Amino acid sequence: MRRPTAFAAGLLLLATALGTAGGPAAAEPTEPVTVTVNTRAGLATVPATALGVNHAIWDSQLGSAETSDLLKAAGVKMLRYPGGSYADIYHWETHTAPGGYVAPNTDFDTFMAGARRVGAEPMIIANYGTGTPAEAAAWVRYANVTKGYGAKWWTVGNENYGNGHYGSAWEADDHPDKSAAQYARLVVEYADAMKAVDPSIKVGAVLTMPGNWPDGITAGSDPGPWNQTVLSIAGPKIDFVDVHWYPGGSAADSLARTNHLPDAAWLLRQQIARYAGPGADRIGISLTELNVDAGRTTAPGALFLADAYSGLLEQGVFTVQWWNVHNGIGTVSEVAGQTDYGDFGLLSSGNCTSDGEVCQPAFNTPFAPYHALSMMNLFARPGDQLVRAGTDQPLVAAHAVRRPDGSVAVLLLNKDPDTAYPVALDYAGFTPADEAPTVHTFTNGATAISTARAGSAAARTLPPYSLTTLVLRPAGSSAGRPGAPGRPTASAVTDRAATISWPAATPGASPIAKYEVHRQYGAVSEQLGETAGTSLTVGNLEPGARYTVNVLARDTAGRVSWSSPPLTFATGSPAESSCAVRFNDDNDWGNGYVANVEVINTGAKAVDGWTLTWTWSTAWQQVSSGWSATWDQQGRDVRVTSTADNRRLAADGGSTTVGFVGAYSGPNVPPAAFRLNGTVCTLR
């Protein structure tokens, strides 16, 4: 949920409670952490708009040369305006925001001048709460016709689900009808009006991050939850969806919750595919607000920024934007030996607490997250392909990219405030040169990133609460290798098989001999098959499972291409089985729900005593309580056993319904494979 913002006579004072920086001191490790970098397992390519931040009209320095040059130095390529919830009270033509503070030198032209100095594209929020489609269209006309700014990205509103429709109200909304359906209908009007002025622009709609309030909740007369309703109505008219993520909790909590991102992105894309209509795969995802509750200006904020930006870009999000550039001092605390100012900003506002007891460093002094953003610019550049990297220690995270010149960069994060971890790096599909790599390091309390040529590509020791990037040149030349195959697609997907097809690769110095299809299994690749053609049917798949695959080309001389873009698909349930299951998630309240599970015997013989089993997709899903059966959960595995009253299921359609209260603390991925007495059932 967005943090409400307000300004009084300058920079914002925003108080918020800070959690602890971490748990007890960790034991000294006895063995090196194993880091695996697999360049055969390609993820998304880094877009030009990847690194973004928020500007706001309460910040009188948003267009200043000093601020702009700092953002440029950090590699910022997208700037959002006019500032979160202020967007829904802001009128661009008069440069006013009734009920809010508007600083001098923050009008649209000043913002655009600053953006051009930074070298960043604008992401503009059209006023939905108190504005009109005509006002938004006039802004497009002024920006792109009158001024020739070429502003491409426009979002309709900000966190409009926070208008009171679900009970909580922080977002301005003058419309009598505050439903998701009404928002969606007006998004269509906004998109039509804005694109009538400039058909080349991209228009986005506000959604909520799966696993975050009000995900899953249906209110009023809407046909479903916010995301479903908005996509069903506005999907054919929009080009991207816009979400925010504030994971909350202590520093340790937020640093652990970055593992929610793959499932959240998967669910969001599933919602888009299911509800947005034909051509839904054209719809991109932007994440335009991101921050933490604890350690905002110190190491936890920096570690979270680097981990979350990397994780989101791996999932194909086209821009990630920190909240925000300047914000103001909040609740002051000490985090891992450093003063944390409780400030959402990347740069110091130079102000003091209301009692004058504590003051921030000089204006525009970079906080730790600014250095993390600068580290992201050193690590992942536009055109680099992110690849799989993993570790065997939860407090050590790894991300990696391969670059067009054949080099590889590895980002290593130590999330432990007390323990230095030695790491041993292993590479698949890449052999580093026998030379010292370029090493960029940012440690707890540092005021800059240090850079040196030192050590080896195989081993490193990570200081507590640190970020380290290794840039490695390849041992040999990549000249002559084939080009990467194009993006694969899946068809004829069943419970056990799928046909994978892809555009042919461009040959290098030798003809292409074959293509190999590899499944990503964590940071390890598992070859599913190979073919001389550009299509392969893979079998022996698990029902209800998610698969991410890449295709590689191998030529007659044995040279191997870089990996194709990734394809993620899920197998289904068998078309025919001796059992069937209906799973209904009812009455969702945002972190829990009531579910009914109908168990059906479709076989020719009666069942006398049954056990239903399934496995949750994530570790944060559980059965809290159940009825009409005996319920048990061990780890992620759920076991439901019949009672004396419902143990007998008649042949050819005999059924019973059981139920449970489910709970979740992250993206709630529904079970996709049920087994009755060991037999995989059809999911109805």
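Which residue's side chain does a polar contact of 3.3 Å join to that of Asp-384? The exercises below all concern this predicted model.

**Exercise 1. Place Asp-384 and find its contact partner.**

Step 1. Locate the residue in the chain: Asp-384 sits in the loop that runs between helix 9 (368–379) and strand 12 (385–391).

Step 2. Look at the side chain. The partner is Arg-403, whose side chain is joined to that of Asp-384 by a polar contact of 3.3 Å.

Step 3. Decide whether Asp-384 is buried or exposed. Buried means under 20% relative accessible area. Asp-384 has 3% relative accessibility, so Asp-384 counts as buried.

**Exercise 2. Decide whether Asp-645 is buried or exposed, and state where it lies.**

Step 1. The residue belongs to the loop between strand 33 (637–641) and strand 34 (648–649).

Step 2. Exposed means over 50% relative accessible area. Asp-645 counts as exposed because its relative accessibility is 77%.

Step 3. Relate the residue to another part of the chain. Pro-432 and Asp-645 are separated by 213 residues in sequence, and their C-alpha atoms are 65 Å apart in space.

**Exercise 3. Work out which strands pair with strand 30.**

Step 1. Take strand 33. Strand 30 (residues 611–615) runs antiparallel to strand 33, and five bridges join them. In this pairing, Thr-613 has Arg-639 of strand 33 as its bridge partner.

Step 2. Take strand 36 (residues 675–676). Its pairing with strand 30 is also antiparallel, over two bridges. Here Leu-612 has Leu-676 of strand 36 as its bridge partner.

**Exercise 4. Give the strand order of the open sheet that contains strand 25, and name its edges.**

Step 1. The sheet has four strands in the order 23-22-25-26, and the pairing is antiparallel.

Step 2. Strand 23 (524–531) and strand 26 (567–570) are the edge strands, since each pairs on one side only.

Step 3. From one strand to the next, the twist averages 35 degrees.

Step 4. Check one edge. Strand 26 pairs with strand 25 (residues 546–555) in the antiparallel sense over four bridges. Tyr-547 has Phe-569 in strand 26 as its bridge partner.

**Exercise 5. Describe the second largest pocket by volume and lining.**

Step 1. The second largest pocket holds about 370 Å³ of space.

Step 2. Its lining comprises 19 residues, and those nearest the centre are Gly-211, Asn-212, Trp-213, Tyr-246 and Pro-247.

Step 3. Sort the lining by class: eleven residues are nonpolar, seven are polar and one is charged.

Terms used: Residues are numbered from 1 along each chain as its sequence is written. This is a predicted model: local features need pLDDT of at least 70, side-chain atom pairs count only at pLDDT 80 or more; totals for chains, interfaces and linings use all residues. Side-chain values use heavy atoms; hydrogens and water are left out. Two strands pair if DSSP finds at least two bridges between them. Axes are lines fitted to C-alpha atoms, for helices over the stretch in contact, and angles run from 0 to 180 degrees between N-to-C directions. On a 1 Å grid over the protein atoms alone, a cavity is a set of points where a 1.4 Å probe fits but cannot get out, and a pocket is an open set with protein on both sides within 12 Å along at least five of seven lines; lining residues have an atom within 4 Å of a point. Grid points are joined across faces, edges and corners, and a volume is the space filled by probe spheres set on the points. Ala, Val, Leu, Ile, Met, Phe, Trp, Tyr, Cys and Pro count as nonpolar, Asp, Glu, Lys and Arg as charged, and the others, Gly among them, as polar. Buried means under 20% relative accessible area, exposed over 50%, partly exposed in between (1.4 Å probe, protein chains only). A polar contact is a pair of N or O atoms within 3.5 Å; within protein, one must be able to donate a hydrogen and the other to accept it, and residues adjacent in sequence count only if both atoms are side-chain atoms.
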